[in-house]
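Me: I would like to go through the labels attached to this model one at a time and ask what each of them rests on.

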Amino acid sequence: MRLKQEFTRADVSVKYRCLVLEKTVVLQSRQLEVVGSAMNEAHRRINCVVEYALAANRRADEVNGRVDRVAEYSQAVKRRADGVVEYAAAVNHQLPEFKSFYLRHLHWKGAIGAVAGLMSSI
């Protein structure tokens with residue numbers, strides 16, 4: 001009988017340990033599912049951040065392209081302004097000569113008008 005009690009007690013102890021192990025396995029399985037779910041969420045968030053970073057890089061490239069075009073346009077405007085300044089300087093340089101030529105023209109025109117008036121009165 002004593003042997004039977006020992007086996008029974010050992011059997012109960014083994015069953016208890018087995019039950020505890022089964023509960024531990026179930027608990028750890030649930031914990032692994034939670035960890036797996038958290039990892040999936042982390043991967044999803046990381047992918048969203050990567051997509052956002054790529055979109056930001058594309059936008060930055062677009063802005064850089066626009067800045068380059070504005071810089072080119074600014075250079076073209078500066079070249080045109082320099083051309084206008086050069087033209088104005090050339091006009092300023094020729095202006096005194098034109099004024100003297102125009103004054104002579106007015107004197108000749110007046111003289112021609114006076115001669116024409118005298119000729120018509122004759």
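The exchange below takes the labels in turn, setting values against cut-offs.

Me: What kind of model is this, and how many helices and strands does the chain have?
Reply: The model is predicted, and its chain has one helix and zero strands. That helix, α1, covers residues 2-121.

Me: What share of the residues in the chain is buried, and how much area does the chain expose?
Reply: Buried residues make up 0% of the 122 residues, where buried means under 20% relative accessible area. The chain exposes about 11600 Å², of which carbon and sulfur atoms supply 64%.

Me: Why is F101 called exposed?
Reply: The label exposed requires a relative accessible area over 50%, and F101, which sits in helix α1, has 52%, so F101 counts as exposed.

Me: Which residues make the nonpolar surface patch?
Reply: The patch, of about 600 Å², is made by L95, F98, F101, Y102, L103 and L106. Membership calls for a relative accessible area over 30%; among the members, F98 has 51%, F101 has 52% and Y102 has 41%.

Me: Why is F98 called exposed while Y102 is called partly exposed?
Reply: The upper boundary is 50% and the lower one is 20%. F98, at 51%, is therefore exposed, whereas Y102, at 41%, falls in between and is therefore partly exposed.

Me: What makes F98 and Y102 an aromatic pair, and why is the pair called stacked?
Reply: The structure holds one aromatic pair. In that pair, F98 and Y102 have ring centres 6.1 Å apart and planes at 15° to each other. Rings pair if their centres lie within 6.5 Å, and planes under 30 degrees apart count as stacked, so both conditions are satisfied by F98 and Y102. The two residues are four residues apart in helix α1 and are therefore separated by about one helical turn.

Me: How do you know that R44 and E41 form a salt bridge?
Reply: The closest N and O atoms of R44 and E41 are 2.5 Å apart, and a salt bridge needs a side-chain nitrogen of Lys or Arg within 4 Å of a carboxyl oxygen of Asp or Glu, so the pair qualifies. R44 and E41 are three residues apart in helix α1, about one helical turn. Since the partly exposed class lies between 20% and 50%, R44 at 45% belongs to it, and E41 at 31% belongs to it as well.

Me: What makes R59 and E62 a salt bridge, and why are they called partly exposed?
Reply: The closest N and O atoms of R59 and E62 are 3.2 Å apart, which is within 4 Å, so the pair qualifies. Both residues lie in helix α1, three residues apart, about one turn of the helix. R59 has a relative accessible area of 44% and E62 has 45%; partly exposed covers values between 20% and 50%, so the label applies to R59 and E62.

Me: How do you know that D82 and K78 meet in a salt bridge?
Reply: Their side chains come to 3.4 Å, N to O, which is within 4 Å, so the rule is met. D82 and K78 both lie in helix α1, four residues apart, about one turn of the helix. D82, at 35% relative accessibility, counts as partly exposed.

Me: Which residues are joined into one network, and how many salt bridges are there?
Reply: Salt bridges that share partners join E41, R44 and R45 into one network, and the count comes to four salt bridges.

Conventions
Residues numbered from 1 in each chain as written. Predicted model: local features only at pLDDT ≥ 70, side-chain atom pairs only at ≥ 80, totals over all residues. Heavy atoms only, no water. Patch = residues over 30% accessible without salt bridge, like charges linked within 9 Å, V, L, I, M, F, W, Y side chains within 5 Å. Areas by Shrake-Rupley, 256 points an atom, 1.4 Å probe, with all protein chains shown as cover. Buried < 20%, exposed > 50% of the residue type's maximum accessible area, 1.4 Å probe, protein only. Phe/Tyr/Trp six-rings, centres within 6.5 Å; stacked < 30°, edge-to-face > 60°.
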